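Subject: Structure handover

Hello,

Here is the structure for you to look through. Please open it next to this email and follow along.

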Amino acid sequence: MDEVFAFEQLDVYQVARRYVKNVYLLSEKFPQKEDFALTSQIRRAAVSITSNIAEGTSRFSVKDKSHFIEIAYGSLMETYSQLQVALDLGYITQSDIEQQHPLVVELRNRLSALRKSYMSKTVEGGKCKDE
């Protein structure tokens, strides 16, 4: 596997992969009764982060790129809120949440910076330079 895709080289993508792995490992603590509910939902949302980074960076228009990064950001917030629900239900501990918080903050900041860098490529009037 010699060819590397552009999204694989992004730090934000690598951080997101770590977060997805952590979410999967934490969700293994959830009871079996949650397999088709919270476990499934949090895993799908976590994978959505990396998927939308990959898809967004492969788009040609700045508007599309920015849109997919916004979706990734939303999925990040979704997973974090679901971790809080898991805490409320006693599936994970406060320590589990606290261990993920710095990674969530880093990922939030990196996604925001990536979106901002895309948006800086727009010109006045809302039209994108590459559209």
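Below is what was found, starting with the whole chain and ending with single residues.

**The whole chain**

Keep in mind that this is a predicted model. The chain has four helices and zero strands. Its pattern along the sequence is therefore written α-α-α-α, with helices counted as DSSP runs. Taken along the principal axes, the C-alpha atoms fill a box of roughly 50 × 40 × 25 Å. The chain has 131 residues, and 39% of them count as buried. Now look at contacts between residues at least 6 apart in sequence. Of these, 72% join residues at least 24 apart.

**Two helices side by side**

Find helix α3, residues 62-88. Then find helix α4, residues 94-119. Their axes are 10 Å apart, and the helices pack at an angle of about 170°. Angles over 145 degrees count as roughly antiparallel. So α3 and α4 are roughly antiparallel to each other. What kinds of residue make up the contact of α3 with α4? By class, there are 16 nonpolar, six polar and four charged residues.

**Three residues on α3**

Start with S66, which lies in helix α3. Is S66 buried or exposed? Its relative accessibility is 3%, so S66 counts as buried. The cut-off for buried is under 20% relative accessible area. Leave aside the neighbours of S66 within four places in sequence. S66 is then in contact with R115, Y118 and M119.

Next is S75, also placed in helix α3. S75 has a relative accessible area of 6%, so this residue is buried. Which residues does S75 touch, not counting those up to four places away in sequence? They are A45, S48 and I49.

The third is E78, again in helix α3. E78 has 28% relative accessibility, so it counts as partly exposed. That value falls between the cut-offs, because buried means under 20% and exposed means over 50%. Leaving aside neighbours within four places in sequence, E78 is in contact with Q41 and A45. So A45 appears in two lists: S75 touches A45, and E78 is in contact with A45 as well, contact being heavy atoms within 4.5 Å. The side chains of E78 and Q41 also make a polar contact, at 2.5 Å. Now check E78 against A46. These two are 32 residues apart along the chain. Their C-alpha atoms are separated by 8.4 Å.

**The aromatic rings**

How many aromatic pairs does a search of the whole structure find? The search finds three. One of them is F5 with F7, and this pair is stacked. The two rings are 6.1 Å apart, centre to centre, with 5° between the planes. Planes under 30 degrees apart count as stacked, which is why this pair gets the label. F7 also pairs with Y13, this time edge-to-face. Here the distance is 4.9 Å centre to centre, and the angle between the planes is 80°. Ring pairs thus link F5, F7 and Y13 into a cluster.

Is Y13 buried or exposed? At 13% relative accessibility, Y13 counts as buried. F5, in contrast, has a relative accessible area of 48%, so F5 is partly exposed.

Best wishes

Definitions and conventions:
Residues are numbered from 1 along each chain as its sequence is written. This is a predicted model: local features need pLDDT of at least 70, side-chain atom pairs count only at pLDDT 80 or more; totals for chains, interfaces and linings use all residues. Side-chain values use heavy atoms; hydrogens and water are left out. Buried means under 20% relative accessible area, exposed over 50%, partly exposed in between (1.4 Å probe, protein chains only). A polar contact is a pair of N or O atoms within 3.5 Å; within protein, one must be able to donate a hydrogen and the other to accept it, and residues adjacent in sequence count only if both atoms are side-chain atoms. Axes are lines fitted to C-alpha atoms, for helices over the stretch in contact, and angles run from 0 to 180 degrees between N-to-C directions. Angles under 35 degrees count as roughly parallel, over 145 as roughly antiparallel, 65 to 115 as roughly perpendicular and the rest as oblique. Ala, Val, Leu, Ile, Met, Phe, Trp, Tyr, Cys and Pro count as nonpolar, Asp, Glu, Lys and Arg as charged, and the others, Gly among them, as polar. Rings of Phe, Tyr and Trp (its six-membered ring) pair if their centres lie within 6.5 Å; planes under 30 degrees apart count as stacked, over 60 as edge-to-face and the rest as tilted.
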